[in-house]
Amino acid sequence: MADIIDGRAIARQLDEKTKAQVDELVAAGHSAPGLTVILVGEDPASEVYVRRKIKACEKVGIRSTEHRLPADTSQEDLLALIDQLNKDEDVHGILCQVPLPDHIDTRLVLRSISPEKDVDGFHPVNVGRLSTGTGGIVPCTPLGVMMLLKSVIPDLTGKDVVVIGKSNIVGKPVANLLLDAEATVTVTHIYTEGLPEICRQADVIVAAAGAPELVKGHWVKDGAVIIDVGITRKEGEDGKTKLVGDVKFDEVQHAKAVTPVPGGVGPMTIACLLANTVQAARNLMGYGDAERGDDYADAPDRSMHTTA
Ligand code: NAD
């Protein structure tokens with residue numbers, strides 16, 4: 001039976017570390033790290049994500065501020081707000097929830113956030129630093145993927161890893177982090193031929209395609225480790241909607257370990273956002289040791305796994 005990697009438990013463990021860092025800063029006479037979230041319009045999914053993020057901040061002692069702007073906010077006004085937040089010393093992290101309304105240039109907006117406060121890690125400066133292995137803020141989901149993976153395989157040197165998906169927010173940054181960890185990485189995508197055979201060679205599969213139950217049991221070699229990033233809402237036979245990952249979970253019990261959906265990568269994404277906010281605050285406060293996203297090389301506790 002494959003171990004189930006408990007993302008909720010590992011996220012709680014990371015939150016404890018983050019809270020301890022917040023307490024340490026406050027004890028040293030600093031203000032608590034501050035995260036500002038900007039939400040433009042009323043996209044229901046974005047509302048849920050923003051609420052979750054704000055609530056998570058409270059748990060670890062991060063100060064959070066919300067700017068809710070109407071859907072018809074002009075790009076100019078949004079950029080002016082970001083400029084003001086970039087200059088505000090009480091704001092250490094800025095997150096602009098995407099998707100933005102069509103009349104706003106998302107890339108321009110994300111580029112206008114100061115790289116030091118870019119807790120999503122989407123600014124080209126942070127992307128460049130990640131791809132050259134020179135620090136910076138690491139995007140939350142890829143950082144969470146690495147932590148989950150390291151809870152099973154602390155040393156990835158020479159491991160054969162297949163990443164399914166090459167998006168800028170998941171696939172590419174995950175591939176860069178894996179290369180930094182000395183893994184042998186194959187990045188695949190919708191036009192890749194022979195994906196089942198490629199996956200069958202892999203010690204590790206990171207599935208981030210958004211294609212429900214794409215990875216079948218016979219794609220996975222015995223003892224492989226699978227990190228399932230995909231989340232798709234699907235209607236079940238009973239008419240109720242449920243969340244489905246990119247992996248046919250019931251067919252991969254011959255794997256060494258697998259993340260569930262939900263309860264795998266999802267909780268790690270928010271925990272990493274909090275960790276990134278504290279990292280940004282520590283950098284801005286002059287603690288030079290906080291160069292890199294909460295030291296993902298520090299593997300979480302293996303007792304966090306349960307057996308299926
Ligand atoms: P995306 O649509 O931007 O990119 C998907 C990538 O997968 C593309 O490179 C595409 O070529 C590839 N792909 C799609 N179908 C494929 C197939 N059948 N075979 C091989 N490759 C295929 O998606 P994204 O933003 O990277 O997100 C991927 C998935 O991860 C989605 O389900 C998304 O909801 C999920 N996600 C989860 C979290 C989390 O916190 N758990 C965070 C971000 C994204």
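Select residues 5-120 to start: their end C-alpha atoms lie 24 Å apart, and the span is 50% helix and 16% strand. UniProt, in an unreviewed entry, places the feature "domain: Tetrahydrofolate dehydrogenase/cyclohydrolase catalytic" on these residues. The model on screen is a predicted one.

**Inside the span 5-120**

Next, pick strand 2, residues 34-40, and within that strand highlight Thr 36. Is Thr 36 buried or exposed? Its relative accessibility is 2% and buried means under 20%, so Thr 36 counts as buried. Now show what surrounds this residue. Leaving aside residues up to four places away in sequence, Thr 36 touches Thr 65, His 67, Leu 85, Val 91, Gly 93, Ile 94 and Leu 95.

Of these contacts, Gly 93, Ile 94 and Leu 95 lead to the next stop. Move along the chain to Pro 99, in the loop between strand 4 (93-96) and helix 4 (106-112). The peptide bond to select here runs from Val 98 to Pro 99; this bond is cis, with omega near 5 degrees.

**The span 139-283**

Now select residues 139-283. The unreviewed UniProt entry gives this stretch the feature "domain: Tetrahydrofolate dehydrogenase/cyclohydrolase NAD(P)-binding". The span is 32% helix and 19% strand, and its end C-alpha atoms are 16 Å apart.

Within this span, colour helix 7, residues 171-180. Which residues of helix 7 are buried? They are Gly 171, Pro 173, Val 174, Ala 175, Leu 177 and Leu 178. To see what covers them, show helix 5 (124-131), helix 6 (140-150), strand 5 (160-164), strand 6 and strand 7, which are among the covering elements.

Step past the end of helix 7 to Glu 182, which follows the helix. Glu 182 sits in the loop that leads on to strand 6 (184-188). Although Glu 182 is not a glycine, its phi is positive, at about 70 degrees.

A second residue of this kind is Glu 213. Find Glu 213 in the loop between strand 7 (204-207) and strand 8 (225-228). Its phi is near 55 degrees, again a positive value in a residue other than glycine. With a relative accessible area of 23%, Glu 213 is partly exposed.

The last local stop is Pro 262, in the loop between strand 11 (257-258) and helix 9 (265-284). Which kind of peptide bond joins Val 261 and Pro 262? The bond is cis, and omega is about 0 degrees.

**Zooming out**

Clear the selection and view the whole chain, coloured by secondary structure: nine helices and twelve strands. The radius of gyration is 19 Å, close to the 19 Å from the globule rule for 308 residues, so the chain is as compact as a globular protein of that length. Along the principal axes, the C-alpha atoms fill a box of roughly 55 × 40 × 35 Å.

Colour by burial next: buried residues make up 48% of the 308 residues. Switch on contacts, and among those with a separation of 6 or more, 72% join residues 24 or more positions apart.

Finish with the surface. The accessible area comes to about 14100 Å², and carbon and sulfur atoms hold 51% of that area. For the charges, display the 32 positive and 45 negative ones; the mean positions of these two sets are 3 Å apart.

Definitions and conventions
Residues numbered from 1 in each chain as written. Predicted model: local features only at pLDDT ≥ 70, side-chain atom pairs only at ≥ 80, totals over all residues. Heavy atoms only, no water. Helix = DSSP H or I, 4+ residues; strand = E, 2+ residues; numbered from the N terminus. Rg over C-alpha atoms; globule rule 2.2 N^0.38 Å. Buried < 20%, exposed > 50% of the residue type's maximum accessible area, 1.4 Å probe, protein only. Contact = heavy atoms within 4.5 Å. Areas by Shrake-Rupley, 256 points an atom, 1.4 Å probe, with all protein chains shown as cover. Lys, Arg positive; Asp, Glu negative; His and termini not counted. Charge placed at Lys NZ, Arg CZ, Asp CG, Glu CD. UniProt positions renumbered as here; feature names shortened; annotations may be inferred.
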